[in-house]
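Open the model in your viewer and keep the sequence panel beside it. We will go from one selection to the next.

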Amino acid sequence: MSERVTLTIDGKEVQAQKGDNLLKVARDNGFDIPGLCFYEKISRTGDCRLCMVKIQGRPGMVPACLTPVEGGMKVTAFDAELEATRKMLADVLLSEHNDDCITCDKDGDCGMQDLAYRYELETAKRIFTPVWKEIGQTQDASAPVLWYDSSKCIKCERCAKACLEVQGKGVLSMARRGIQSRVVAGTGTWSGSECDGCGECVQACPVGALVEKPVYGMRLKKKDVEKRVTTTCPYCGVGCQLELWVSHNKIMKVKGAGGAPNEGSTCVKGRFGLDFVQRPDRLKVPLIRKNGKFEESTWEEALDLVARKLGEVKAKSGPHAIAGLTSACSTNEANYVFQKFFRAAIGTNNVDHCARL
Ligand code: SF4
Ligand code: SF4
Ligand code: SF4
């Protein structure tokens with residue numbers, strides 16, 4: 001059984017389990033220590049170094065995200081030296097970063113931008129000269145669902161670790177070294193890799209380096225989204241929780257919502273497959289094939305036709321000659337009624353659902 005311990009952070013007594021992550025414990029207790037590479041769902045990298053703290057009895061500064069909690073620890077989370085170091089690190093990060101927020105799809109929802117405002121890194125106040133243009137940047141727009149721009153990438157590795165450790169795919173890695181490093185999918189391009197488009201990497205990215213393709217270039221700002229609706233994904237029986245960003249009565253983007261059962265993850269269908277809801281070519285009236293062509297009809301005519309045809313087949317060949325396949329694009333309630341109709345009214349278990357395909 002894990003041991004409950006007491007430590008102090010900036011003089012405040014805090015309780016935690018021995019071995020807990022110090023950065024998480026500090027944040028959970030109201031200490032807003034910065035940090036861009038920390039992501040709860042993945043193992044730690046300690047890449048960005050922004051969460052440096054001081055621990056009494058240890059030399060220098062240590063990254064809180066790589067430090068397990070011990071009883072009796074005396075932690076300094078904020079002092080002038082730590083804040084000056086964090087500001088310097090943020091300045092370095094920004095010097096390698098294409099900070100054109102005005103044209104960026106993450107404007108208003110970005111860890112790097114928050115950091116720049118927090119440490120007042122307006123251009124005139126920066127120490128380090130911007131170098132991102134000289135590095136030579138790459139964009140990969142080959143995937144159907146996402147867009148990668150190395151000029152926005154802070155090399156935190158959250159995407160690669162999320163792909164490997166959360167989705168078990170391991171599609172992403174860091175290519176080149178140092179200031180030149182960037183994310184690559186497979187051996188070159190996203191489209192040629194084993195990526196299945198789940199979007200876990202996009203959700204993990206704290207900046208505008210990975211963006212969902214359906215909203216790329218729309219400059220969809222968090223504050224402009226009228227509603228964020230938590231709902232259950234209709235596509236299969238897992239019941240993943242989704243957060244829909246809705247604007248002008250349209251689903252603009254889908255994020256995995258935290259908590260059980262999916263803890264923010266989704267498959268490709270949940271994250272990128274809900275556009276059917278607002279497709280203009282969606283059927284709104286029943287169609288009946290007449291003389292080899294579909295023609296619009298009324299519900300009365302369509303239902304009479306279906307009932308008559310099903311009755312004829314059942315009378316001639318029995319209920320098991322009939323099978324039904326229903327759609328995840330229908331509501332759960334409609335799907336329930338559909339299978340009930342097949343089992344109870346027609347008398348067969350020949351019924352299936354596209355979520356199993
Ligand atoms: S990634 Fe963030 S900081 Fe960089 S340009 Fe986009 S919004 Fe600005
Ligand atoms: S979309 Fe999913 S499978 Fe593809 S690279 Fe990102 S996390 Fe990996
Ligand atoms: S793409 Fe995003 S998550 Fe991946 S390394 Fe770059 S900044 Fe980090």
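A residue is near a molecule if one of its heavy atoms lies within 4 Å of it. Keep that cut-off in mind for the ligand stops. Remember too that this is a predicted model.

**Stop 1: ligand 1.** Select ligand 1 and show its surroundings. There are 14 residues around it. Which of them are the closest? They are H97, C101, C104, C110 and G208. Now colour the shell of ligand 1 by class. You should find five nonpolar, four polar and five charged residues.

**Stop 2: ligand 2.** Move on to ligand 2. Its shell includes the cysteines C163, C195, C198 and C201. Add L146, K169, L172 and W190 to the selection. Then add D196, G197, G199 and E200, which also surround ligand 2. How does this shell divide by class? Seven of its residues are nonpolar, two are polar and three are charged.

**Stop 3: ligand 3.** Select ligand 3 next. Around ligand 3 there are 14 residues. The nearest are C153, C156, E157, C159 and C205. The shell of ligand 3 has 11 nonpolar residues, three charged ones and no polar ones.

**Stop 4: E157.** Stay with E157, one of the residues that come nearest to ligand 3. E157 sits in the loop between β7 (146–149) and α5 (158–166). Check its backbone: phi is near 70°, a positive value in a residue that is not glycine. Most residues other than glycine have a negative phi.

**Stop 5: P261.** Jump to the loop between β13 (250–256) and α7 (268–272), where P261 is found. Is the peptide bond from A260 to P261 cis or trans? The bond is cis, and its omega is near 0°. Most peptide bonds are trans.

**Stop 6: a helix pair.** Select helix α2 (residues 80–95) and helix α3 (residues 111–118). Their axes come within 10 Å and cross at roughly 130°. α2 and α3 are therefore oblique to each other. Their crossing is left-handed. Show side chains to see the contact: A90, L93 and L94 come from α2, and M112, L115 and A116 from α3. These contact residues are six nonpolar, no polar and no charged.

**Last stop: the whole protein.** Zoom out and switch to cartoon view. The protein has nine helices and 17 strands. Its C-alpha trace spans about 85 × 55 × 40 Å along the principal axes. The radius of gyration is 26 Å, whereas a compact globule of 357 residues would have one near 21 Å.

Note on methods
Residues numbered from 1 in each chain as written. Chains lettered and ligands numbered in written order. Predicted model: local features only at pLDDT ≥ 70, side-chain atom pairs only at ≥ 80, totals over all residues. Heavy atoms only, no water. Axes fitted to C-alpha atoms, helices over the stretch in contact; angles between N-to-C directions. Helix = DSSP H or I, 4+ residues; strand = E, 2+ residues; numbered from the N terminus. Parallel < 35°, antiparallel > 145°, perpendicular 65-115°, else oblique. Left-handed = near helix turned anticlockwise from the far one by under 90°. Contact = heavy atoms within 4.5 Å. Nonpolar A, V, L, I, M, F, W, Y, C, P; charged D, E, K, R; others polar. Rg over C-alpha atoms; globule rule 2.2 N^0.38 Å.
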